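Dear colleague,

Please find below the structure I promised to hand over, followed by an account of what was found in it.

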Amino acid sequence: MSAPSPLGVPTRSDGDPDRVALVVPGVGYSPARPLLHFACSVLRQHGWTVQELWWQVPGDFPQIPVADRIAWVERQVTRAIDAEAGACRLLVGKSLGSLACGIAADRNIPAAWLTPVLTLDHVARALQRAQAPTLLVGGTADRMWDARLAESLPHEALEVPSADHSLELADDAEGSVEVMRQVVSRLDRFIGSLAR
């Protein structure tokens, strides 16, 4: 296990040393939040080594130019991938983490993007050129999800009716749990397919 996160939990779960999955958070959506927590559980069930990336987003982040935000995310993700010395074979990212999809495309790394920022040209272009297996998951109530773009891409996609940017349903806790079950099931199939 590696050093603990700011919450005192381990950031690494050791499995197959030749199959490392890097879990990339969102702005305020850490690896401890439900979507990424269960994604880590699925990865461990499939025998992957899981490396969680925890970051402290700069306080002025919303005010800095988009290109600088992309560069910041790419630096964090590149450093984490390079630290694995060629063993990083999967990225699982939430929202802001999808700004690193250009790295996945350039390095031909499979990826699962949970609520990717499809309304950002950088993300759309990177996903259009990505050749490795890719899963996109988003909700129709998410302003950053573009259903038309997701459908036009040659990637697997799960679109959840009425789900927001956290893949939750407004005022419907039980329904939100069912959405989580759908997402976990799709992740399980996608991650399982990578071993074949």
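Asn108 sits in the loop that joins α3 to β5. In this predicted model, its phi is near 55 degrees, a positive value in a residue that is not glycine. With a relative accessibility of 47%, Asn108 counts as partly exposed.

A second non-glycine residue with positive phi is Leu167, at about 60 degrees. Leu167 belongs to the loop between β7 and α6 (173-194). Its relative accessible area is 1%, and it is therefore classed as buried. The two residues with positive phi thus fall into separate classes of exposure, because Asn108 at 47% is partly exposed and Leu167 at 1% is buried.

Overall architecture

The protein chain contains six helices and seven strands. Along the sequence these follow the order β-β-α-β-α-β-α-β-α-β-α-β-α. The radius of gyration is 16 Å, close to the 16 Å that the globule rule gives for 196 residues, so the chain is as compact as a globular protein of that length. Taken along the principal axes, the C-alpha atoms fill a box of roughly 40 × 35 × 35 Å.

Of the 196 residues, 52% are buried. The accessible surface of the chain comes to about 9,400 Å², and carbon and sulfur atoms account for 51% of that area. Among contacts with a sequence separation of 6 or more, 56% link residues 24 or more positions apart.

Nonpolar cores

In soluble globular proteins, nonpolar side chains tend to be buried together. Here the largest nonpolar core has 35 residues, and the members that touch the most others are Leu22, Val77 and Leu91. Two or more residues are given to this core by each of β2 (16-24), α2 (66-82), β4 (88-94), α3 (101-107), β5 (111-114), α4 (121-129) and α5 (147-152). The largest share, six residues, comes from α2.

Which residues does Val77 touch, not counting those up to four places away in sequence? They are Leu22, Val24, Leu53, Leu91, Ala100 and Ile103. Two of these contacts, Leu22 and Leu91, are the residues named with Val77 as touching the most other core members.

Apart from this core lies another, of 28 residues, including Val23, Tyr29, Leu114 and Phe190.

Helix α4 and His155

The buried residues of α4 are His122, Val123, Ala124, Ala126 and Leu127. Their cover includes α2, α3, β5, β6 (134-139) and α5.

One of these buried residues, Leu127, also takes part in a polar contact: its backbone oxygen lies 2.8 Å from a polar side-chain atom of His155. His155 is located in the loop between α5 and β7 (156-160). Is His155 buried or exposed? Its relative accessible area is 11%, so it is buried. Leaving aside neighbours within four places in sequence, His155 is in contact with Leu127, Ala130, Ala132, Thr134 and Leu136.

For a distance across the model, one may take Ala32 and His122, which are 90 residues apart in sequence and 27 Å apart in space, C-alpha to C-alpha. Ala32 is placed in the loop between β2 and α1 (34-45). At 42% relative accessibility, Ala32 counts as partly exposed, whereas His122 is among the buried residues of α4.

Cysteines

How many disulfides are there? The count is zero. Cys40 is in no disulfide, and the nearest cysteine sulfur to it, that of Cys88, is 13 Å away. That distance does not meet the cut-off, which asks for sulfur atoms within 2.5 Å. Cys88 is likewise in no disulfide, its nearest cysteine sulfur being that of Cys40. Both residues are buried, because the relative accessibility is 1% for Cys40 and 8% for Cys88, and the buried class lies under 20%.

Kind regards

How values were computed. Residues are numbered from 1 along each chain as its sequence is written. This is a predicted model: local features need pLDDT of at least 70, side-chain atom pairs count only at pLDDT 80 or more; totals for chains, interfaces and linings use all residues. Side-chain values use heavy atoms; hydrogens and water are left out. A nonpolar core is a set of buried Ala, Val, Leu, Ile, Met, Phe, Trp, Tyr and Cys residues joined through side-chain atoms within 4.5 Å. Buried means under 20% relative accessible area, exposed over 50%, partly exposed in between (1.4 Å probe, protein chains only). Helices (H or I, at least four residues) and strands (E, at least two) are DSSP runs, numbered from the N terminus. Contact means heavy atoms within 4.5 Å. The radius of gyration is taken over C-alpha atoms; the globule rule is 2.2 Å times the number of residues to the power 0.38. Accessible areas come from the Shrake-Rupley method with a 1.4 Å probe; for residues, only the protein chains shown count as cover. A polar contact is a pair of N or O atoms within 3.5 Å; within protein, one must be able to donate a hydrogen and the other to accept it, and residues adjacent in sequence count only if both atoms are side-chain atoms.
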